[in-house]
Amino acid sequence: MLTDLDGTFLNPVGKINQANLDALELLHKHGIVRAVCTGRTLDSSREVVPRNLPFDYLIFSSGAGICEFANEKILCRHELSKADILLLTNYFREKQIDFSVHFPIPNNHFFYWFSGPVKSPDLISRLHWLKEFAIEGNDELINKLESATQLLAIVNDEQLYMFEELRNSFRHLSFIRATSPLNQGYTWIEVFPKDVSKGKGAEWLCNYLSIPWENTVSLGNDYNDIHMLEWTATSYIMDNSPEELKARFKTAPSNANDGFAVAIKQWLGKLEARSWESPLRGLPLLA
């Protein structure tokens with residue numbers, strides 16, 4: 001079982017409803033592996049899902065890193081090369097948009113930031129909430145970086161064309177679109193090495209644990225969950241998701257109405273209806 005966090009497992013104020021905790025325990029009773037799959041960094045994930053929660057694995061930074069949930073032992077990590085960092089930094093600076101370059105795992109909550117002629121409200125919010133991790137970038141600092149986990153660009157609706165432009169121009173990299181959790185009207189374009197996405201992270205973990213694909217289920221609510229939702233055998237999208245996503249996947253109630261718990265019970269019910277004495281271990285996905 002794989003589940004996204006914000007907008008999926010967490011309620012609208014970022015807390016965990018008791019029904020969702022009960023659903024995690026129910027999964028444990030069925031012998032099912034429970035994994036968080038989030039765009040948050042490892043450090044940021046711990047703000048909302050402490051180690052004592054009943055999860056088994058944590059896929060963080062949209063699949064750039066995977067660790068054991070309780071002890072944070074890193075099992076898998078990916079990094080951008082120095083050459084790619086320079087290429088992307090030049091591209092974003094020419095476009096005069098706000099972006100950040102994130103340190104290698106496990107310190108990728110630290111980042112260098114750059115702004116266009118005028119800082120966007122979204123960047124201003126990020127610098128306010130993440131001020132202890134934010135360092136204003138310059139050529140000297142970028143040239144000293146040997147690797148990075150990701151770059152994150154902030155675009156408004158008129159600049160969203162850059163998502164496809166980037167995908168066509170840098171085909172050797174992975175580009176993930178996510179709705180900004182800070183300000184309406186802004187989208188984050190996250191750039192990773194080629195084999196990074198929530199779907200690739202889910203696939204890696206399933207192979208690592210020898211979990212059959214047919215026993216996988218994921219739950220999400222946003223664009224950065226698409227690869228995960230497309231990869232798993234069963235997928236649920238929350239009712240608080242964009243309409244175009246709800247048209248593509250099974251819809252569960254919103255995160256305000258225990259959608260995670262409802263979807264898990266429905267999935268387990270279908271397994272039992274198919275007369276599986278005990279379902280083989282499956283994976284959770286989180287947006």
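Reader: Which residues lie nearest the centre of the largest pocket, and how many line it?

Author: Asp6, Arg40, Pro181, Leu182 and Trp188 lie nearest its centre, and 46 residues line it. A pocket here comes from a 1 Å grid over the protein atoms alone: it is an open set of points where a 1.4 Å probe fits, with protein on both sides within 12 Å along at least five of seven lines, and lining residues have an atom within 4 Å of a point.

Reader: Before I go on, what sort of model is this?

Author: This is a predicted model, where local features need pLDDT of at least 70, side-chain atom pairs count only at pLDDT 80 or more, and totals for chains, interfaces and linings use all residues. Residues are numbered from 1 along each chain as its sequence is written, and side-chain values use heavy atoms, with hydrogens and water left out.

Reader: OK. How much space lies in that largest pocket?

Author: About 1200 Å³. That volume is the space filled by probe spheres set on the grid points, which are joined across faces, edges and corners.

Reader: And which elements give two or more residues to the lining?

Author: Helix H1 (5-9), helix H3 (42-45), H5, E11, E12 and E13 do. E13 gives the most, with four residues. Helices (H or I, at least four residues) and strands (E, at least two) are DSSP runs, numbered from the N terminus.

Reader: How are the strands ordered in the sheet?

Author: Six strands form an open, mixed sheet in the order E9-E8-E7-E11-E13-E12. Strands E9 (134-136) and E12 (173-179) stand at the edges with a single partner each, so one side of each has no neighbour in the sheet. From one strand to the next, the twist averages 25°. Two strands count as paired if DSSP finds at least two bridges between them.

Reader: How many bridges join E12 to its partner E13?

Author: Seven, and E12 runs antiparallel to E13 (residues 186-193). Leu173 stands opposite Pro193 there.

Reader: What about E7, covered or open?

Author: E7 is mostly covered, with five of its five residues buried. Asp98, Ser100 and His102 are on one side, Phe99 and Val101 on the other. Buried means under 20% relative accessible area, exposed over 50%, and partly exposed in between (1.4 Å probe, protein chains only).

Reader: How many bridges join E7 to E11, and how many to E8?

Author: E7 and E11 run antiparallel and share five bridges, with Ile154 in E11 as the bridge partner of Asp98. E7 and E8 are also antiparallel, over four bridges, and there Ser100 stands opposite Trp113.

Reader: Which strands does H5 lie across?

Author: Helix H5 (residues 121-129) lies across E7 (98-102), E8 (111-114), E9, E11 (150-156) and E13, at about 150° to E8. Axes are lines fitted to C-alpha atoms, for helices over the stretch in contact, and angles run from 0 to 180 degrees between N-to-C directions. Asp122, Leu123, Ser125, Arg126 and Leu127 in H5 are buried, and the buried residues of H5 pack against E7, E8, E9, E11 and E13. Contact means heavy atoms within 4.5 Å.

Reader: And H7, which strands does that one lie across?

Author: Helix H7 (residues 162-169) lies across E11, E12 and E13, running at about 170° to E12.

Reader: Switching topic: how many disulfides turn up?

Author: Zero, in a search of the whole structure. A disulfide is a pair of cysteine sulfur atoms within 2.5 Å.

Reader: Why is Cys37 not bonded?

Author: Because the closest cysteine sulfur, in Cys206, is 10 Å from that of Cys37, which is too far for a bond. Cys67 is in no disulfide either, with the nearest cysteine sulfur, that of Cys76, 11 Å away.

Reader: Are those two, Cys37 and Cys67, buried or exposed?

Author: Cys37 is buried at 0% relative accessible area, and Cys67 is buried at 0% as well.

Reader: Which peptide bond is cis, and where does its proline lie?

Author: The one from Ile105 to Pro106, with omega near 15°. Pro106 lies in the loop between E7 and E8.

Reader: What is the phi of Gln96 and of Ser210?

Author: Gln96 has a positive phi of about 55° without being a glycine, and Gln96 sits in the loop between helix H4 (82-95) and E7. Ser210, also not a glycine, has phi near 60°. Ser210 is in the loop between helix H8 (198-209) and strand E14 (217-220), and is exposed at 61% relative accessible area. Most residues other than glycine have a negative phi.
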